[in-house]
Amino acid sequence: MAPFRLQSPSLPRALGALKRKLRQGIEWLWRQEGSHGQRARGLAAGVFMGCFPIFGFQTLLGVGLASLVRGNHLLAAAGTWISNPITYVPLYWFNYQLGCLLLGPGRGWPGGAILRHDTLRQLGWSFTARLLLGSALVGLVAATISGCLCWRWLERQKHGAGTAMAEGASDSPQPTSSAKPRQR
């Protein structure tokens, strides 16, 4: 029996093109304008705002915060995706638990109801204060870590590219000097 083959040779080609476009999109995102510090500050601003339960406004506020700290706006928008439909409940549960640890026990976690738009108002200030305090602290830590890691990665990329170019240049024959180096 013949091995299984795809009927259309265009499917692997299409998947390869999709993979290539995705890689190009990520590279484009990382090659945004600005210094390494501006890009790192933009990402950090987005991550910070992404830790707050302000559905629908995280991106807008992340870009606004990036403007205040002179960070990259596109990376700020991308950074807000630290909270997404998969991570909402665990992230906000952790934020609430941290707030309870600092302010004392509250009413209790409302479960999936936290995802509804009007829930925070209904749960009252006791719940909201704990959630916002935890969100601020988690946001500060996550933003600091992500900003530092981003900056460090960008710096390594810069120095790595410079090192690779220098190594490539050293492959060509260099004029030799008959002078001996000085010893101290």
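**Exercise 1. Identify the residues that ring pairs link into a cluster, and characterise the pair formed by F55 and Y92.**

Solution. Step 1: the criterion. Rings of Phe, Tyr and Trp (its six-membered ring) pair if their centres lie within 6.5 Å; planes under 30 degrees apart count as stacked, over 60 as edge-to-face and the rest as tilted. Step 2: the cluster. Ring pairs join F55, Y88 and Y92. The model is a predicted one, in which local features need pLDDT of at least 70 and side-chain atom pairs count only at pLDDT 80 or more, while totals for chains, interfaces and linings use all residues. Residues are numbered from 1 along each chain as its sequence is written, and side-chain values use heavy atoms, with hydrogens and water left out.

Step 3: the pair. The whole structure contains five aromatic pairs. In the one formed by F55 and Y92, the centres are 5.8 Å apart and the planes make 75 degrees, an edge-to-face arrangement. This pair links distant parts of the chain, 37 residues apart: F55 lies in the loop between helix 2 and helix 3 (58–68), and Y92 in helix 5. Helices here are DSSP runs (H or I, at least four residues), numbered from the N terminus.

Step 4: burial. Buried means under 20% relative accessible area, exposed over 50%, and partly exposed in between (1.4 Å probe, protein chains only). Y92 is buried because its relative accessibility is 0%, whereas F55, at 24%, is partly exposed.

**Exercise 2. Describe the largest nonpolar core and state which helices supply it.**

Solution. Step 1: the definition. A nonpolar core is a set of buried Ala, Val, Leu, Ile, Met, Phe, Trp, Tyr and Cys residues joined through side-chain atoms within 4.5 Å. Step 2: the members. The largest such core has 17 residues, and L43, Y92, Y96, F127, L131 and C150 have the most contacts inside it. Step 3: the sources. At least two residues each come from helix 2 (36–50), helix 5 (88–103) and helix 6 (119–170). Helix 6 provides the largest share, seven residues. Step 4: the other core. Apart from this core lies another of five residues, including A44, F48, M49 and A143.

**Exercise 3. Determine whether L101 is buried or exposed, and locate this residue.**

Solution. Step 1: location. L101 belongs to helix 5. Step 2: accessibility. L101 counts as exposed because its relative accessible area is 70%.

**Exercise 4. Summarise the secondary structure and burial of the protein chain.**

Solution. Step 1: elements. The protein chain has six helices and zero strands. Step 2: burial. Of its 184 residues, 30% are buried.
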